[in-house]
Amino acid sequence: MEIFVYHTGDSNTKIRFPENDTIAFNTSGDERLRILPDGNISSSNNLIINNITSSGDILLNEDQRIYFEADKNTYIESHASDSFRAVVNDRQMFLLDEDTGNRAVFGNGTKVYIGSDNNKQPDKELVVDGDISGSFTSTGSFGTIRSVGKPIF
């Protein structure tokens, strides 16, 4: 049996108990927030909370975003199965994608700096400040490899 707690003089603002261990909050006749038995919070609209603390999982349905600015141009999302991306000012900056090639992509013209200087502005597509180690087998052309300082071969 569903139970209601109404706001005096306002029949479309209420707290509902629609089923066991579930609480729903309605304003203007619409459900705005629902607390479920497993501890998850569900919202039909944008939910603004100052601080969130969880001792369990936080589940976002597919194509959900976490925004970092009021203009909603900076966010993180899992926009497709088995992928995660970071978008800054509506430009994809970083993508982790297992589904279409098990890849990490620094995206769409983003310059990448790898090193210890957090303020370094790279002047090339990829700048590495420090030692590089690796091995490879070549079946094609690499273009130009340039070393500043110690020779790399």
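**Salt bridges and a hairpin**

Colleague: What makes aspartate 123 and lysine 124 a salt bridge?

Modeller: In this predicted model, their closest N and O atoms are 3.6 Å apart. The cut-off is within 4 Å, so the pair counts as a salt bridge.

Colleague: And why is aspartate 123 called exposed?

Modeller: Its relative accessible area is 55%, and exposed means over 50%. Lysine 124 has 42%, which falls between the 20% and 50% limits, so lysine 124 is partly exposed.

Colleague: Which residues are joined into one network by salt bridges that share partners?

Modeller: Glu2, Arg16, Glu31 and Arg34. Arginine 16 pairs with glutamate 2 at 2.3 Å between the closest N and O atoms. Arginine 16 also meets glutamate 31, at 2.5 Å, N to O.

Colleague: What makes arginine 16 buried?

Modeller: Its relative accessible area is 13%, and buried means under 20%, so the label fits. Glutamate 31 has 22%, which is not under 20%, so glutamate 31 is partly exposed. Glutamate 2 is partly exposed too, with 32%.

Colleague: How do you know that strand 9 and strand 10 pair?

Modeller: Four bridges join strand 9 (residues 91-97) to strand 10 (residues 103-106). Pairing needs at least two bridges, so these strands qualify. They run antiparallel, and leucine 95 in this pairing stands opposite valine 105 in strand 10.

Colleague: What is the phi of glycine 101 in that hairpin?

Modeller: Positive, near 125°. The hairpin has five residues between the strands.

Technical notes: Residues numbered from 1 in each chain as written. Predicted model: local features only at pLDDT ≥ 70, side-chain atom pairs only at ≥ 80, totals over all residues. Heavy atoms only, no water. Salt bridge = Lys/Arg side-chain N within 4 Å of Asp/Glu carboxyl O. Buried < 20%, exposed > 50% of the residue type's maximum accessible area, 1.4 Å probe, protein only.
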